[in-house]
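This report describes the nonpolar core of a predicted model, the pairing of its strands, and one patch on its surface.

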Amino acid sequence: MTKQTQPLAVAGKNITCSFWTPTSAVDRKKSVIVAYGSMGMTGEFGGMIERFCEGLCKEGYFVVLPAYFECSGTAPGKLAAMSTNTTFDKWVTCMSAATS
């Protein structure tokens, strides 16, 4: 398994995107995009999400984790959950870009 982090161009911004690639050949049908919750990748939540991505990869999945809060400048925390009225469309655009 290998992990790479690289910029992803989305709507004129470069956001951070992490990719986990299994050591076996990648079956495009076995790809997953992971979206974190309102706490983003902070603290214990970030570690749990990283381990989740690694576990999926060990099962043969190609895993993509875009830092979609970066598209809207949203800070992790309780306010992130309350900002969905103004940021949701930007997040969806970011997640869509990660699939192409």
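Outside the four places on either side in sequence, L65 is in contact (heavy atoms within 4.5 Å) with T16, C17, S18, W20, V34, Y36, M41, I49 and C53. The model is predicted, so local features require pLDDT of at least 70 and side-chain atom pairs pLDDT 80 or more, whereas totals for chains, interfaces and linings use all residues. Residues are numbered from 1 along each chain as its sequence is written, and side-chain values use heavy atoms, without hydrogens and water.

Strand β4 (62-66) is largely enclosed by the rest of the structure, because four of its five residues are buried (under 20% relative accessible area, 1.4 Å probe, protein chains only). Its pairings (at least two DSSP bridges between two strands) are listed below.

| Strands | Sense | Bridges | Residues standing opposite |
|---|---|---|---|
| β2 and β4 | antiparallel | four bridges | C17 and P66 |
| β3 and β4 | parallel | three bridges | I33 and V64 |

The largest nonpolar core (buried Ala, Val, Leu, Ile, Met, Phe, Trp, Tyr and Cys joined through side-chain atoms within 4.5 Å) has 25 residues. V10, V34, Y36, C53, V63, L65 and Y68 touch the most other members. Among the elements giving two or more residues to this core are β1 (2-10), α1 (43-58) and α4 (84-99); the largest share, five residues, comes from α4.

On the surface, M39, F45 and M48 make a nonpolar patch of about 250 Å². M39 lies in the loop between β3 (31-33) and α1 and counts as partly exposed (20% to 50%) because its relative accessibility is 31%.

Methods. Patches are made of residues with over 30% relative accessible area and no salt bridge: like charges are joined within 9 Å, nonpolar side chains (Val, Leu, Ile, Met, Phe, Trp, Tyr) within 5 Å. Accessible areas come from the Shrake-Rupley method with a 1.4 Å probe; for residues, only the protein chains shown count as cover. A salt bridge is a side-chain nitrogen of Lys or Arg within 4 Å of a carboxyl oxygen of Asp or Glu.
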